[in-house]
Amino acid sequence: MNPKRIPIIAGNWKMNKTTGEAKDLAAKLAPLVTGVKDREIVLGPPFTALHAVASAVKGTNISLAAQNMHWEDKGAFTGEISAEMLLDSGCKYVIIGHSERRQYFGETDETVNKKMKQALKKGLFPIMCVGETLTEREAGKLNEIISRQVSGGRKEIAADDMKKVVIAYEPVWAIGTGKTATPEQAQEVHALIRQKVKELYTGGIAEGLRIQYGGSVTPDNVSSLMAKPDIDGALVGGASLKPESFAALVNFK
Ligand code: PEP
């Protein structure tokens with residue numbers, strides 16, 4: 001954590017929660033995090049629950065993220081959701097390039113980049129996910145993969161827009177597996193990402209960039225991760241599905 005960057009704790013609910021369940025979770029969470037001002041709190045419900053959660057968190061310190069979007073404005077793209085629809089549903093953020101989307105739905109650095117550009121053009125703040133698989137890590141390709149994903153995802157994005165981007169480092173082997181990267185492993189990659197961004201942008205962009213860690217973050221390990229200088233928040237799956245555990249994450253010491 002660096003005092004110049006406001007920590008951002010975001011929950012990725014993935015394909016969980018009906019509208020009623022989502023509303024209930026948001027309503028139970030809000031009083032547990034009232035008054036938290038020195039960190040940003042973001043919830044990422046499924047599309048169908050965005051509107052309901054937006055109503056439940058209205059007037060609170062909680063903002064909303066979508067889990068994906070399409071890069072076109074509108075049209076014949078059955079099953080897709082546009083940036084404008086997300087804004088209309090109350091979103092401030094959009095998660096782009098989550099490893100599950102890359103792994104199961106064929107997302108590439110190119111589609112991630114198209115989505116990034118569209119999100120920024122329309123006024124959404126992207127949370128761009130990057131991360132290596134275990135095979136890539138064991139083959140010594142960590143640096144290459146992370147550099148390629150960071151550089152490809154932000155291609156043609158101007159410095160002013162880059163200030164609105166959050167990057168989430170999520171090692172694929174740590175997502176939903178209960179295997180967290182050690183704080184030292186995470187710090188090493190966060191520093192690498194910041195260095196990469198420094199090579200691509202001048203003017204303090206890298207220093208201001210918030211980089212979240214994601215991968216089996218729990219109330220038990222969040223503080224040791226957040227103690228590292230280049231870790232500016234967490235993107236959380238499993239532990240974001242219960243109000244008490246997500247509140248504990250938000251309220252890390
Ligand atoms: C995620 O989906 O972004 C994630 C990090 O999941 P989990 O916390 O369950 O590992």
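I took "buried" to mean under 20% relative accessible area, "exposed" over 50%, and "partly exposed" in between, with a 1.4 Å probe and protein chains only. I took helices (H or I, at least four residues) and strands (E, at least two) as DSSP runs numbered from the N terminus.

**Entry 1. Basis**

I worked on a predicted model, in which local features need pLDDT of at least 70 and side-chain atom pairs count only at pLDDT 80 or more, while totals for chains, interfaces and linings use all residues. I numbered residues from 1 along each chain as its sequence is written, and I used heavy atoms for side-chain values, with hydrogens and water left out.

**Entry 2. Strand 2**

I looked first at strand 2, residues 40-44. On one side I found Glu-40, Val-42 and Gly-44, and on the other Ile-41 and Leu-43; all are buried, and both faces of the strand are therefore covered. Five of the five residues of strand 2 are buried, so I recorded the strand as largely enclosed by the rest of the structure.

**Entry 3. The barrel**

I then traced the strand order. I found a closed barrel of eight strands, running 1-2-3-4-5-6-7-8 with parallel pairing. From one strand to the next, the twist averages 25°. I counted two strands as paired if DSSP finds at least two bridges between them. Strands of a sheet pair through backbone hydrogen bonds, either parallel or antiparallel.

I checked three of the pairings.

- Strand 1 (residues 8-12) pairs with strand 2 in the parallel sense over five bridges, and Gly-11 stands opposite Leu-43 there.
- Strand 2 is joined to strand 3 by three bridges, and the two run parallel; Leu-43 has Leu-64 of strand 3 as its bridge partner.
- Strand 6 (residues 166-169) and strand 7 (residues 210-214) run parallel and are joined by four bridges, with Ile-211 in strand 7 as the bridge partner of Ile-167.

**Entry 4. Crossovers**

I asked which hand the connections around strand 2 take. I called a crossover right-handed if, with the strands pointing away from the viewer, the path from the first strand over the helix to the second runs clockwise. Strand 1, helix 1 (residues 19-32) and strand 2 make a right-handed β-α-β unit. From strand 2 the chain crosses through helix 2 to strand 3, and this β-α-β crossover is right-handed.

I also noted the placement of helix 2 (residues 47-57), which lies across strand 2 and strand 3 (62-66) and runs at about 170° to strand 3. Contact here means heavy atoms within 4.5 Å. Axes are lines fitted to C-alpha atoms, for helices over the stretch in contact, and angles run from 0 to 180 degrees between N-to-C directions.

**Entry 5. Salt bridges**

Side chains of opposite charge can pair when their charged atoms come close. I counted a salt bridge where a side-chain nitrogen of Lys or Arg lies within 4 Å of a carboxyl oxygen of Asp or Glu. The structure holds 21 of these salt bridges.

I examined three pairs.

- Asp-109 and Arg-102 form a salt bridge whose closest N and O atoms are 2.8 Å apart. Asp-109 counts as buried at 15% relative accessibility, and Arg-102 counts as buried at 16%.
- Asp-160 and Lys-163 meet through their side chains at 3.1 Å, N to O. Asp-160 is exposed, with a relative accessible area of 54%, and Lys-163 counts as exposed at 57% relative accessibility.
- Lys-164 and Asp-161 meet in a salt bridge at 3.1 Å, N to O. Lys-164 counts as partly exposed at 33% relative accessibility, as does Asp-161 at 24%.

I noted next that salt bridges with shared partners join Arg-5, Arg-194, Asp-230 and Asp-232 into one network.

**Entry 6. Cysteines**

How many disulfides are there? With a disulfide defined as a pair of cysteine sulfur atoms within 2.5 Å, the count comes to zero. Cys-91 is in no disulfide, and the nearest cysteine sulfur, that of Cys-129, is 15 Å away. Cys-91 is buried, with a relative accessible area of 6%. Cys-129 is likewise in no disulfide and is buried, with a relative accessible area of 2%.

**Entry 7. Positive phi**

I looked up two residues that have a positive phi although neither is a glycine. Lys-14, with a phi of about 50°, is found in the loop between strand 1 and helix 1. Glu-156, with a phi of about 65°, is found in the loop between helix 7 (142-153) and helix 8 (159-162). Glu-156 counts as exposed at 61% relative accessibility.
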